[in-house]
Amino acid sequence: MFNWLRNPISGVFRYSKAEEYSRRYAVMNAFDGVITILGIILGSALLGGADPKHIVAAGIGALIAMGISGASGTYMAESAEQERKIKEIEEAMLVKLEGSVIVEARRKAAVISALVDAGAAVIAGLIVLLPYLAAAVHLIDSWLAFYASLTSALSLLFVLGVFLGKVAKKNILISGVKALAIGLATLLMITLLNLVL
Amino acid sequence: MLSRLVLDILKPHIPDLIDFCRELSAVNGVKRVSGVVVEVDVETDTVKITVEGKGINFEELESKVKNMGAAIHSVDEVVFEE
């Protein structure tokens, strides 16, 4: 179904070896997206609760900022790395590689990494924010939205941990629980903050 | 017409020899491509590529090699036949 997209992307990955980086960025920023939205939701719910519309606005604002900062930061860092690699190969080959598939693939790899980085954070964050979007249009009440968001955030963290365990070929359950613990630690810290304030 | 070429090529590690030979086999007039790694360096491979066919388009072959970031160091064997 997505062959028109898969073929050029697999070509870029084959010639640039960027698959590993993109996978890393996807998991890393999905984590960021989930934890950031979890923080906004927990903070506003535990410190007295807020209008779902305000939480949606704050969440979407944070996701847009994360998307832009992720895409631009990753693009600049990745293109610098890729250009350095191109120069190293050019020095070893004693020829200019401009116009070759290697240069093309490495430059596209920087763009793909940036898009994956931004996309992962925004998509993961939106999944967690979805119940509040429903609450904002009065489909569900705000407490149900809170528990639904919390459940989806913790489930998403567990799934990301399982995925990392699969990548590392380690025990996927332990890896999932480790990721879940990060979410629970966030929950604990914000609850403690609520007690202090 | 050009039917056989043996080329000494310096190429980066990527594309690997399989992708490299597969791309060359798509050149006009090429029927068979075989490759042997002669030397492996930190960033490059020296490979000996044998191209066989009928009326091999050498200009296209040369530009394909260049397009993959490689360079023909020498043409070691040439066969023309009617």
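Two residues are in contact if their C-beta atoms, placed from the backbone, lie within 7 Å. Keep that cut-off in mind for the tour. The model on screen is predicted.

**Stop 1: a helix on the sheet of chain B**

Select residues 17-24 of chain B. This is helix α1. It lies across β1, β2 and β3 of chain B. Its direction is about 150 degrees from that of β2(B).

**Stop 2: the sheet itself**

Now show the strands of chain B. How many strands form the open sheet, and in what order? There are four, arranged β2-β3-β1-β4, with antiparallel pairing. Strands of a sheet pair through backbone hydrogen bonds, either parallel or antiparallel.

Look at the edges next. They are β2 and β4 of chain B, and β4 covers 71-80. Each edge strand pairs on one side only. From one strand to the next, the twist averages 15 degrees.

**Stop 3: along β3(B)**

Select residues 44-53 of chain B, which make up strand β3. Begin with its partner β1(B). Nine bridges join the two, and they run antiparallel. For a landmark, pick Lys11(B): its bridge partner in β3(B) is Asp45(B).

Then add residues 30-40 of chain B, strand β2. Here too the pairing with β3(B) is antiparallel, over nine bridges. Two landmarks help here. Val37(B) stands opposite Val47(B) of β3(B). Ser34(B) has Thr50(B) as its bridge partner in β3(B). Follow the chain from β2(B) to β3(B): a hairpin joins them through three residues.

**Stop 4: where the chains touch**

Bring chain A into view. Which elements give two or more residues to the side of chain B that touches chain A? They are β1 (2-12) and α2 (58-67) of chain B. In total, 14 residues of chain B are in contact with 12 residues of chain A. By class, the chain B side has seven nonpolar, three polar and four charged residues.

Select α3(A) while both chains are shown. This helix lies across β1, β3 and β4 of chain B. Its angle to β1(B) is about 125 degrees.

**Stop 5: a residue in α3(A)**

Stay on α3 of chain A, residues 52-93, and pick Ile55(A). Is Ile55(A) buried or exposed? It counts as buried, because it has 27 C-beta neighbours inside 10 Å and the cut-off for buried is 20 or more.

Now display its contacts. Leaving aside neighbours within four places in sequence, Ile55(A) is in contact with Ile40(A), Ile41(A), Ser44(A), Ala50(A) and Tyr132(A). For a longer view, add Leu192(A). It is 137 residues from Ile55(A) in sequence, and the two C-alpha atoms are 21 Å apart.

**Stop 6: α2(A) with α4(A)**

Select residues 19-46 and 101-136 of chain A, helices α2 and α4. Their axes come within 7 Å and cross at roughly 30 degrees. That makes α2(A) roughly parallel to α4(A), because angles under 35 degrees count as such. The crossing of α2(A) and α4(A) is right-handed.

Show side chains along the contact. On α2(A), look for Tyr21(A), Tyr25(A), Asn29(A) and Gly33(A), among others. The residues they and the rest of that side meet in α4(A) include Ile112(A), Val116(A), Ala120(A) and Leu129(A). By class, this contact has 15 nonpolar, six polar and two charged residues.

**Stop 7: a residue in α4(A)**

Keep α4 of chain A and click Ile123(A), which lies in that helix. This residue is partly exposed, with 15 other C-beta atoms within 10 Å. Then add Val34(A). The two are 89 residues apart in sequence, and 9.2 Å apart from C-alpha to C-alpha.

**Stop 8: α2(A) with α5(A)**

Finish by swapping α4(A) for residues 142-167 of chain A, helix α5. The axes of α2(A) and α5(A) are 10 Å apart, and the packing angle is about 160 degrees. The two helices are therefore roughly antiparallel to each other. α2(A) passes α5(A) in a left-handed crossing.

Which residues meet here? From α2(A) they include Val27(A), Phe31(A), Val34(A) and Ile41(A). From α5(A) they include Phe146(A), Leu156(A), Leu160(A) and Val167(A). By class, the contact of α2(A) with α5(A) has 16 nonpolar residues, one polar and one charged.

Technical notes. Residues are numbered from 1 along each chain as its sequence is written. Chains are lettered from A and ligands numbered from 1 in the order in which they are written. This is a predicted model: local features need pLDDT of at least 70, side-chain atom pairs count only at pLDDT 80 or more; totals for chains, interfaces and linings use all residues. Ala, Val, Leu, Ile, Met, Phe, Trp, Tyr, Cys and Pro count as nonpolar, Asp, Glu, Lys and Arg as charged, and the others, Gly among them, as polar. A residue is buried if 20 or more other C-beta atoms lie within 10 Å of its own, exposed if 12 or fewer, and partly exposed in between; C-beta atoms are placed from the backbone. Axes are lines fitted to C-alpha atoms, for helices over the stretch in contact, and angles run from 0 to 180 degrees between N-to-C directions. Angles under 35 degrees count as roughly parallel, over 145 as roughly antiparallel, 65 to 115 as roughly perpendicular and the rest as oblique. A crossing is left-handed if the near helix is turned anticlockwise from the far one by less than a right angle, and right-handed if clockwise. Two strands pair if DSSP finds at least two bridges between them.
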